[in-house]
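The exercises below are to be worked with the coordinates open. Each task is followed by a solution in steps.

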Amino acid sequence: MAPHDNRRPFKRAAISDQQKRRELSLLRQAQNRRDAQQQARCLASSILSLQSAAPESQPEQSDIELETVPEAEQESEAFSKDLDVRQASKLRGPEVRKWFARQLMLPEWMIDVPDRLAQDWYVFARPAGKRCFVVSSNGTTVSRQRNGSILHHFPSALPAGAKIRDGSGSAQSYCILDCIFHELDQTYYVIDMVCWNGYSLYDCTAEFRFYWLNSKLEESGACNAPSHYHKFRFSAVPVYNCDQSGLHAAYTGVVPYAKDGLLFYNKHALYQTGNTPLALVWKDENCSQFVIDTDGKGEIPSQQQVVLELQDDRKLVTSDDPPVLFGCLDGDIIEKSGLHTGNLLRFAIGDGGLSFVDGKLEKADLIYLGKSNRARAFADSYSKVLFQFMVRHSPLKIDDLLASINSANDQEKTPSDIEMVG
Amino acid sequence: MAMEVTQVLLNAQSIDGAVRKNAEDSLKQFQEQNLPVFLVSLSGELANEEKPVETRKLAGLVLKNALDAKEQHRKFELVQRWLSLDGNAKSQIKACLLKTLTSPVSDARSTASQVIAKVAGIELPHKQWPELIGSLLSNVHQLPAQAKQATLETLGYLCEEVSPDVIDQDQVNKILTAVVQGMSSSEGNTDVRLAATRALYNALGFAQANFSNDMERDYIMRVVCEATLSPEVRIRQAAFECLVSISSTYYEKLAPYIQDIFNITAKAVREDEEPVALQAIEFWSSICDEEIDILEEYGGNFTGDSDIPCFYFIKQALPALVPMLLETLLKQEEDQDQDEGAWNIAMAGGTCLGLVARTVGDDIVPLVVPFIEENISKQDWRQREAATYAFGSILEGPSPEKLIPLVNVALTFMLSALTKDPNSHVKDTTAWTLGRIFEFLRGSVVDSPIISQANCQQIITVLLQSMKDTPNVAEKACGALYFLAQGYEEMGPSSPLTPFFQEIVQSLLTVTHREDAGESRLRTAAYETLNEVVRCSTDETAPLVLQLVPVIMMELHNTLEGQKLSSDEREKQSELQGLLCGCLQVIIQKLGASEPTKYVFMQYADQIMGLFLRVFACRSATVHEEAMLAIGALAYATGADFAKYMPEFYRYLEMGLQNFEEYQVCAVTVGVVGDISRALEEKIVPYCDGIMTQLLKNLSSNQLHRSVKPPIFSCFGDIALAVGEYFEKYLMWAMSALQSAAELSTHIAGDDELVEYTNSLRNGILEAYSGIFQGFKNSPKTQLLIPYAPHILQFLDGIYMEKDMDDVVMKTAIGVLGDLADTLGSHAGSMIQQSVSSKDFLNECLSSEDLMIKESAEWAKLAISRAISV
């Protein structure tokens, strides 16, 4: 039996760089595997919800409702597109702006009061400011406005939002938040959560998303005061059930931000990109400084102005899907002004106003003003035009909303399930 | 026939290659034709006193090799072969072996000892050869002394070969009695006493019960301590080896003896011959290891519970121990830094001093500082070096608050010594010490950083200057730079090293081209440092990292320009290629992690891949692990476009998967298959047949190192997720492999290592299930998975009940439950509701403190509630 050698490493690092490379590779692979699974899980569940949520739009069910077919296709296409934010980050220039611009859920303007407001809806005071998407990934955070342009590029405490190695956020993890940037206190108010830490919430109900938003945002430290690795503060907004007291609180309650109207979210609605009637905006002078649209100089024009998109057959339409037809443009204006299909054009509504037949727009008195501001990505939506029209003629008042809740109250007692306090 | 064996064995040792080859062939043939007769004649040869000693020895060795092998699968085969061998033959062989123990020829006895231990290693666990230990022990009381010596040696080998639970306590007691008596001072024969002392070293693992008995333990300890005072140096050395082993095996029993042991070791360190002194120092290093572990465990849980309490032996011995170790530092050998294999008392003492610092922390500082101050400026280089080494040794352990004032004073001195000291040994240790300063006192752990704007320039200048010094000093300077760079990892968008980045990279590349870069592993150190500098670089220097790509590519290209190489040169070339591929891997991973740099980097992808393929091509038998790792990183960065490389790359991928011998290569390749699956998604389909066949083959092989199996299962998941329902082709095979592995991994009992392995196996299996479920999701073929669901749920129940899964497994397991519900929907609903523990498991995970587990559980809850409600 030979003597035992007990020599120890001398003046050497214990781990070889090769071993380190091996381990880092394994770490990266495990991370990638986790991300791939995560993605598969999210993708799968969103498709599942889509099918169960909208069985009536299955193409094979009906030959008559032809217009629902493209709608359904578009929707699922949108879903698969939405989910891959990383793919989107490969896009360049104008493409990337267009892509991001389509990712926000855009509330319609409230032109009549929906049923079951107290049972099925949340309400909260919308912060005045720039609506934007905040995306954190790969150790950085970017906010993009509705027109796709970058607002800020900064480190944040959101998962994957800053280059800090802590094991929790992977390089492939990411978050997408629907926010309003409030200039005065330099705060991002999060009004919706679309993806969190690589986990997609597109397919989740607003009820779940708001619950998740409240618990996760706080946990992440994103609500903390700004610091070197966290340039802007994030904050949730107080969300209420839209019963009498909730609506009252949202309307009159004190919040740290300037209000710009009230937002109503249907509790059961998924995060649907583009215009949706399941989220609504409403405002009056008491809760917003910007009830009536202003022009470029910040003044209220004497006549209501609208922005419409020019289609190839000279039709003028809204940004809705499907678009609503407002009229046709004279061929000679097109020629004279060198207009092209897809141009966004500004019009004033003349004294003829808007006329309706059976609740549908029949005629609009449009006066051509010129091309719209280049920063615009979309035409106005139908509900916006109508809301602005009503504000000038017969506005929907807070009392109408309260009355609607009261009358519903008479019929059934409102069950109050979750008290959201932000 | 016996004659024949002798001649053949003699021929097998001939200097004539042809004769030797011929003899080896005949032995092989003989063995294949009639194994029992072959083995019997070998044992007969060994036992025959009339035979020449060389053939007796060789016969024993051939016999031993017929019983044991290094490779696990080969070993297993040999064990089975011996167990099924004819009983008569075995008896004859054993009789010959035992007889040989009494031979007057020492080599024959010693060989027989080893062979007996091998046979015992096979038979005792099967309750065979019950009379062996009895007959060995009866030998001990026999004369002549040489038989006694051989018997004790046999007992030592036997204890090394079999595990303690195979031998009952009664026999253990007898063995220990014989061994300890043999090593006591009353034993007059030196060889017997030495054999006994060495046997005790192996038998210590059997002495659990005896060490719990105060009287027996006192006796053993007394005899061991006495043996450290033997006039025979080999006995003293062996006795100290026993003390070292006792220090780790029976740490908690040492309190009554520690004072005596200190006196014995101190005397040995100061006065005894080096081999003995080294073991004496090792005793204290080993005590440090124990206490560091225990204190670490204390730190990890606030209740202070640990299986073993800390006796603070080091803290108590500190005032005497530290001066003793400091003395050893002055006993350096000339040029020890140039000699890779050097190990002397100064090195052992310095290493121990470092461990002591880690054990006691701040307390060591006042004991060492006077020594440093006294010696650091002395004329004699030994004193300067010892002082520097002492300083470097205590940098890990004490708190930054305690060290920073010292370091702030010392830094300027060190930087000056590194350039100006006339002695290379001092410079070597100085550079090493600077590295330790950067490693343990980096900006993230201290309030006032050691390195400021003011001295950064000087530090870098000195380090880059030292890279031109002798290879050993330059290597240490690279090491210091490595830790300097590491200190700025993830520290923010801007690094103080940015202004020097170009210069640092240039200097490191220059080092790699030094004529003498092969010495003191200088070239390796330079590339490792370059890698770390790249890893820790910030966005500011990304353009410079990009510029490095063509440079390293050119270096790799140059190694491929074919000239005929000797095998020695080829080995060096392969090593260099490994370093360059490793460097490229780091760069790819760095640049691939952010979109803008990845975009620019991709212009090189084709060329880089071309180079990697050529690296593979110039090694005919096996693929290069480093190139494989780099390709994984490249696939990840490239995404689906990687498909264009597959036609050429595939054969090397397959070669890597087939490499059982270098299992690391196989494991790395399995990981790369995962990378490629994620990158290619369904485009990997054309290669799936080949890959899946090979992976299934690997799983069923007992030649493949077990650590590769869990990643293979995970890889199934990666492939399934990538190809979706196309996985149907492999489903049956994969599921059956998963199922049998799952069964194996549910009920386990064993040591920590086995539990850890089992958990990694479970994780692999579960990741496979997840990938398969998610891959089949939304395909019309989901129903194919339904038959497997009950077993999977049972598996989940099983591991939940075992209560020994780690957090990673828990997270993966609850995810699988969700995946199963998500994919099978209503089919799974009732099964999950009926399963024994799904609900408890889910609730446990939902209330877990681990965020990842909680998140997976929340997802699973969502999926299950949907499955149940449909």
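**Exercise 1.** With which side chain does the side chain of A:His152 make a polar contact?

Solution. The model is predicted: local features need pLDDT of at least 70, side-chain atom pairs count only at pLDDT 80 or more, and totals for chains, interfaces and linings use all residues. Residues are numbered from 1 along each chain as its sequence is written, chains are lettered from A and ligands numbered from 1 in the order in which they are written, and side-chain values use heavy atoms, with hydrogens and water left out.

Step 1. Locate A:His152 in strand β5 (residues 150–154) of chain A; strands (E, at least two residues) and helices (H or I, at least four) are DSSP runs, numbered from the N terminus.

Step 2. Apply the polar contact rule: a pair of N or O atoms within 3.5 Å, where within protein one must be able to donate a hydrogen and the other to accept it, and residues adjacent in sequence count only if both atoms are side-chain atoms. The partner is the side chain of A:Tyr188, at 2.5 Å.

Step 3. List the contacts (heavy atoms within 4.5 Å). Leaving aside neighbours within four places in sequence, the residues in contact with A:His152 include A:Thr141, A:Phe181 and A:Phe232.

Step 4. Classify the exposure. Buried means under 20% relative accessible area, exposed over 50%, and partly exposed in between (1.4 Å probe, protein chains only). A:His152 has 18% relative accessibility, so it counts as buried.

**Exercise 2.** Describe the interface between chain A and chain B.

Solution. Step 1. Count residues: 50 of chain A are in contact with 88 of chain B.

Step 2. Take the buried area, which is the accessible area (1.4 Å probe) that two parts lose on being put together, summed over both. The value is about 5900 Å², 47% of it on carbon and sulfur atoms.

Step 3. Count the pairs. There are five salt bridges between the two chains, a salt bridge being a side-chain nitrogen of Lys or Arg within 4 Å of a carboxyl oxygen of Asp or Glu. Seven residue pairs are in polar contact, both residues at pLDDT 80 or more.

Step 4. Assign the chain A side to elements. α1 (17–53) and α6 (206–220) of chain A each supply at least two residues to the side that touches chain B, and α1(A) gives the most, with 21 residues.

**Exercise 3.** Which parts of chain B does the salt bridge between B:Lys118 and B:Asp68 link?

Solution. Step 1. Check the distance: the side chains of B:Lys118 and B:Asp68 meet at 2.8 Å, N to O.

Step 2. Place the partners. B:Lys118 is in helix α7 (residues 106–123) of chain B and B:Asp68 in the loop between α4 and α5 (72–83), 50 residues apart.

Step 3. Classify both: B:Lys118 is buried at 16%, and B:Asp68 is buried at 18%.

**Exercise 4.** How many disulfides does the structure hold over all chains?

Solution. Step 1. Apply the cut-off: a disulfide is a pair of cysteine sulfur atoms within 2.5 Å. The count is zero.

Step 2. Check one cysteine. The closest cysteine sulfur to that of B:Cys581 is in B:Cys618, 9.3 Å away, which is too far for a bond.

Step 3. Add the exposure: B:Cys581 is buried, with a relative accessible area of 0%.
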